[in-house]
Amino acid sequence: MFSDIPVDVSPMHEGERIRAANMFVELAGPKSIGAELVQVDDSIKDGKFEVIGPELSEMTKGEVYPFGIKIDIKGEKLEKELEGVIERRTHDLCNYVQGFMHLNQRDQIWCRVSIEALDSGFKLLDLAKSLGILFKEEFPIIEEISVTILTNEEDVKEFVDGAHDIYAARDERARELSDEDVDVFYGCLMCQSFAPTHMCVVTPDRTALCGAINWFDCRASAKMDPDGSIFEIEKGEVLDDVKGEYSNVNEVIAQKTQGETDKVYLHSVFEYPHTSCGCFEAVAFYIPELDGIGIVDRDFSGETPLGIPFSSMAGQCSGGKQVEGFTGLSLEYMRSPKFLQADGAYERIVWMPNSIKNSLEGFIPDDMFDKIATDEDATSVNDIKEFLKDKDHPILERIANLGADDVDEDDEYSEDENLVSQDETMGQEFVPVATAPEMAMPMSGGVKVIFKNAKIYAEKVIIKKSKNNN
C-alpha cells in the first residue's frame with residue numbers, strides 16, 4: 001500500500017517529536033503562514049496528488065516555509081457538515097508518516113521534516129500520497145480524493161485567506177444553538193495519543209479546545225462512526241448551570257480519563273477547570289495580584305504578565321492535567337455567551353494580546369472593550385493595574401470587596417492605596433496559593449509523602465532569603 005513511500009507510514013509514529021537539532025525544515029508555524037482544509041467537491045479527479053511550489057529538495061536546511069494542505073473529497077454519503085471532522089484527522093494521519101511532525105489545526109498548523117526523512121528520499125509529494133491512502137482507509141465513505149501541497153508564499157496566502165472564510169462560516173453556524181437547546185453533548189478523544197487523561201467536552205456553547213470541531217461537527221461524526229473517537233454524552237442532571245457541571249458528563253469523564261478527572265466545570269477556570277490537551281488555541285490564566293484573568297494564544301510570541309510565554313504556560317496545563325487557575329480554550333469559545341460565565345465573563349478579563357481583542361470586537365460587551373488591557377497597553381502586572389484604574393475596570397470593585405474584611409471600619413484608605421494593598425491579601429478565601437496534580441514532600445528517615453491533587457491555602461505567604469553561615 002505504501003510501497004513507493006520511502007519512509008514508514010504507521011500509527012506507531014504518532015507522537016514523534018522532531019527537535020530543532022534533527023530538523024531539516026519547518027513548515028508554517030509561528031514564524032510563517034499555513035493552513036489545512038478539507039472540502040467536499042464532486043468535480044475532483046481521484047488520485048491527483050501534487051506539490052505547488054518548492055519541493056524539499058529545493059529547500060534550504062534550517063529555513064521556515066509557508067505550507068498549505070488542500071484536501072478535496074468525493075463520496076455519495078459525504079456531507080458538507082462532515083468536512084470539519086474529517087479535516088481534524090489531518091493532524092493524526094500526518095503524524096503516521098515517519099519523519100514528519102504535525103501540530104495543531106486549521107491555520108495554526110506547525111510542521112517539521114526530519115533530516116533522516118530527507119536522507120531517505122522523502123518528498124512532500126509522498127506526504128500527499130500517504131494522506132490520500134490514509135483518509136480512504138479511515139473514512140470508507142470517501143470514494144475519491146485529491147491532495148495538493150502548497151509551499152509557494154503567494155499561493156499559500158491566497159489559500160489561507162479562503163480557508164478563513166470557510167472556518168468562519170462553520171463557526172457562525174454553530175452559534176445558532178445554546179447548551180439548553182440540546183439533550184446531548186459530545187466527547188472527543190482525538191488527542192488521547194498525546195494526552196491520555198484528557199477528554200474534550202463539546203457543547204453548542206463550547207467549541208472543542210482545538211477550535212476545529214463544533215457541536216454540529218461532532219453530531220455528524222458520531223452518526224457516521226458511532227464507535228469512533230467522537231461520541232454522544234447524555235447531559236444528565238444539571239448540577240450547576242452557571243459553572244457548567246452535569247452529572248453524566250462527570251461520570252463519562254471519569255471513565256474516559258482512567259479516573260484521573262471526575263469533575264469538570266465547563267465555564268470556569270477555578271476549582272475544577274476543563275482539562276487541556278495540547279492543541280488548544282489559547283490559555284486562560286489567573287493573575288492573583290489582580291484577581292483577574294488573562295488570555296494568551298499560541299500566536300503571541302512575547303511574555304505574558306506572569307513573566308512566561310505561551311509555550312511555558314501551555315506546558316503547565318497540557319497533557320490532560322487539571323490545574324486550577326489555568327485552562328486551554330478555543331478562540332471561538334470566547335465568542336460564546338457562556339464564556340467563563342461562572343468567573344464573571346469579560347468583567348473578569350484584564351489582559352489579552354491586541355490581535356485577539358480586535359478579532360473579538362462585537363463579542364466583547366461594548367462597555368468592556370476599552371477596559372481590557374492588551375500587550376500594547378501593558379506588559380507587567382503593575383502596568384495593568386494602572387491601566388485598569390485609568391479605565392475604571394469593574395475588577396477594581398471586586399478587588400476592594402475582597403479586601404473589605406481585612407480592613408478595620410475605622411481605617412481610611414484612598415482608592416489607590418486600597419488597590420495597592422491588595423497585592424498581599426486579595427483573594428485569600430477563594431484561590432489556593434499553590435495547586436498541583438501531584439507534589440512530593442521529603443520526610444525524615446528516607447520517607448517521602450506524595451500529595452495528589454493538592455491545594456495549599458494560606459492566610460499569608462512570607463518569602464525570606466536565608467543566611468548562609470558556612
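This is a short dialogue about a sheet, a helix and a cavity in a predicted model.

Trainee: Let's start with the open sheet. In what order do its strands lie?

Mentor: Happy to help. The order is 4-1-7-6, with 4 strands in a mixed pairing. Strand 4 (64–65) and strand 6 (100–103) each have a single partner strand, so they stand at the edges with one side left without a neighbour in the sheet.

Trainee: In which sense do strand 6 and strand 7 pair?

Mentor: They run antiparallel, and 4 bridges join strand 6 to strand 7 (residues 110–114). To find your place there, look at His-102, which has Cys-111 of strand 7 opposite.

Trainee: Now helix 7. Which of its residues are buried?

Mentor: First, the general idea: an α-helix has 3.6 residues a turn, so residues three or four places apart point the same way. Here, helix 7 covers residues 247–256, and its buried residues are Ser-247, Asn-248, Val-249, Asn-250, Val-252 and Ile-253.

Trainee: What do the buried residues of helix 7 pack against?

Mentor: Against strands: 9 (184–188), 10 (200–202), 11 (230–234), 12 (238–240) and 13 (245–246). After helix 7 comes Gln-258, with a positive phi near 55°.

Trainee: And how many cavities of 30 Å³ or more does the structure hold?

Mentor: Rolling a probe the size of a water molecule over the atoms shows where empty space is left. In this model there is 1 cavity of 30 Å³ or more, and the largest cavity holds about 80 Å³ of space.

Trainee: Which residues line the largest cavity?

Mentor: Among them are Arg-88, Cys-188, Met-190, His-198, Cys-210 and Cys-277. The lining divides into 10 nonpolar residues, 1 polar and 1 charged.

Technical notes. Residues are numbered from 1 along each chain as its sequence is written. This is a predicted model: local features need pLDDT of at least 70, side-chain atom pairs count only at pLDDT 80 or more; totals for chains, interfaces and linings use all residues. Side-chain values use heavy atoms; hydrogens and water are left out. Two strands pair if DSSP finds at least two bridges between them. Helices (H or I, at least four residues) and strands (E, at least two) are DSSP runs, numbered from the N terminus. Buried means under 20% relative accessible area, exposed over 50%, partly exposed in between (1.4 Å probe, protein chains only). Contact means heavy atoms within 4.5 Å. On a 1 Å grid over the protein atoms alone, a cavity is a set of points where a 1.4 Å probe fits but cannot get out, and a pocket is an open set with protein on both sides within 12 Å along at least five of seven lines; lining residues have an atom within 4 Å of a point. Grid points are joined across faces, edges and corners, and a volume is the space filled by probe spheres set on the points. Ala, Val, Leu, Ile, Met, Phe, Trp, Tyr, Cys and Pro count as nonpolar, Asp, Glu, Lys and Arg as charged, and the others, Gly among them, as polar.
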